[in-house]
Amino acid sequence: MQALYAQLLVGLINGSFYALLSLGLAVIFGMLNIINFAHGALYMMGAFVAYFLLNLGGINYWFALLLAPIIVGIFGMILERTMLKFLTGLDHLYGLLLTFGIALIVQGVFQNYFGSSGLPYAIPDQLRGGMNLGFMFLPIYRGWVVVFSLVVCLATWYLIEKTQLGAYLRAATENPTLVRAFGINVPRMITLTYGLGVGLAALAGVLSAPINQVRPLMGADLIIVVFAVVVIGGMGSIMGSIITGFALGVIEGLTKYFYPEASNTVVFVLMVLVLLVKPTGLTGRAA
Amino acid sequence: MPDTAIAEAPAKAATGGNILQVRNLEAWYGESHILHGINFDVNAGEVVTLLGRNGAGKTTTLKSIMGIIGKRAGSVKFNNQEIIRATSDKIARMGIAFCPEERGIFASLDVRENLMLPPVVREGGLPLDQIFDLFPNLKERLNSQGTKLSGGEQQMLAIARILRTGASFLMLDEPTEGLAPVIIQQIGHTIARLKKEGFTILLVEQNFRFASTVADRYYVVEHGKIIDGFSNSELAANMDKLHTYLGV
């Protein structure tokens, strides 16, 4: 039983990263209509910024949680202003190719300077050690990742679904021309939204650094699964991304326990099944 | 420019000072040249109607004034300020509000969110209780999804939400299209009341009978130009011409 609970915890942690990353992708797709293949590279940048902050500036994990998303978010906003905004109205394929190219360049640069092996990033002192829950041993840092990710995901959901700013975002997703004709600066809102989505990826990168080490290809390994999560949840669906992210992490963890051979493919099998039954994803709406 | 003269003549009969001045307005959708030099004026406090057949350029005129059409040329002055190169968000913040033909109700927003969506751009907008006084149906359906409303209710919502903003110049694109006669009557009462409240309204209509109940002046648009213009008092004398223009 201990092994089952351990796999459940691993599943929840992976699910946290899936949820944060797919949430960012959903926000970006909903608003910009761009399939952001650079998301994995930006997640990796978040981890590297935390690493630089600590090793070059002596800035610890807690400040990195705040600063890395802001720094990488600004980098994302520059990308949007200088490149992505010119894709408005074009086929999805152009956005996919451009962001894929950006991902390759960013990863290539980091690989050139830091190689492919991982750089260590220590767990902060306050979150070291673990708790014996009776039925399993819970490392505190891993518990923190799950809880913090959930809080961030729900806060993002609240921002988009329950606030006036979120109403602007949702309305601009449907009809940006009309929203702009109401007096809202939609291009600026799009840039900030891209920054928000990228910031979420960077935040996931910082959270991941102490668990998975800091590696140039850490995002590339994860992003394909995250895209499957987004497709299953429904492209552009905020709550769909959060629920599917956590659920698929857990399903993956359980598969590792019950039938390890299928653990790497179970998400993709589910994606195929969902696409066959409901092509818009579990919570997505038809275009 | 014969149509400039046409445009200026009836404007003198109106009550307020000049609020909108459109000169030689041209607009393009891609390579298609839609407006070929539109000229007209709107005075403060009046209801001016653009009449014309389908595809004449009425909606494009409104969209060009609002800055929604990408390629446009000529001059549009609002309160003596040139706005032809301004973006639509800046134009809205100057006090022009646009209610599109397709109503533009957002499916992902409920009625309350749709109503509160346009930001207040200046003081003087109608408070919510006055809006609900004008459109009581909306108050009862605040939590419904915007697109679940009937066509008439959606039209009311589309007009209601721009009344909150403080914009004093309203552009309504075919507000009666596809609505039942009783709803059309209600929209007519609303426009008359808004006029009394001091709003200036530029209306696009194909429903001439409706327009005649609310408008002070008319301009006839054909092939992207204003070809005629007259005031409401000259309407009876121009009925034959109007029937020819509109093909009714």
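## Exercises on a predicted model

B:Glu205 is buried yet forms no salt bridge, and the nearest side chain of opposite charge, B:Lys58, lies 8.7 Å away. The structure is a predicted model.

**Exercise 1.** Determine where B:Glu205 is found and which side chain it joins through a polar contact.

*Solution.*
1. Locate the residue: B:Glu205 is in the loop between strand 8 (200-204) and helix 9 (208-214) of chain B.
2. Test for a salt bridge: the cut-off is 4 Å, and B:Lys58 is 8.7 Å away.
3. Search for a polar partner: the side chains of B:Glu205 and B:Thr176 are joined by a polar contact of 2.9 Å.
4. Complete the surroundings: not counting residues up to four places away in sequence, B:Glu205 touches residues including B:Leu50, B:Leu51, B:Pro175 and B:Phe210.

**Exercise 2.** Establish how the buried residues of helix 11 of chain A are arranged about its axis.

*Solution.*
1. Describe the helix: residues 266-277 make up its 12 residues, and the first and last C-alpha atoms are 17 Å apart, close to the expected 16 Å.
2. List the buried residues: these are A:Val266, A:Val267 and A:Val274.
3. View helix 11 of chain A down its axis: the buried residues fall within an arc of 95°, so they line one face of the helix.
4. Identify the cover: it includes helix 9 (218-233) and helix 10 (238-258) of chain A.

**Exercise 3.** Decide whether A:Gly46 is buried or exposed.

*Solution.*
1. Place the residue: A:Gly46 belongs to helix 2 (residues 39-57) of chain A.
2. Apply the cut-off: buried means under 20% relative accessible area. A:Gly46 has 0% relative accessibility and therefore counts as buried.
3. Name its contacts: not counting residues up to four places away in sequence, A:Gly46 touches A:Ala68, A:Val72, A:Ala202, A:Gly205 and A:Val206.

Note on methods. Residues are numbered from 1 along each chain as its sequence is written. Chains are lettered from A and ligands numbered from 1 in the order in which they are written. This is a predicted model: local features need pLDDT of at least 70, side-chain atom pairs count only at pLDDT 80 or more; totals for chains, interfaces and linings use all residues. Side-chain values use heavy atoms; hydrogens and water are left out. Helices (H or I, at least four residues) and strands (E, at least two) are DSSP runs, numbered from the N terminus. Buried means under 20% relative accessible area, exposed over 50%, partly exposed in between (1.4 Å probe, protein chains only). Lys and Arg count as positive and Asp and Glu as negative; His and the chain ends are not counted. A polar contact is a pair of N or O atoms within 3.5 Å; within protein, one must be able to donate a hydrogen and the other to accept it, and residues adjacent in sequence count only if both atoms are side-chain atoms. Contact means heavy atoms within 4.5 Å. The expected span of a helix is 1.5 Å times one less than its number of residues. The arc is that of the directions from the helix axis to the C-beta atoms.
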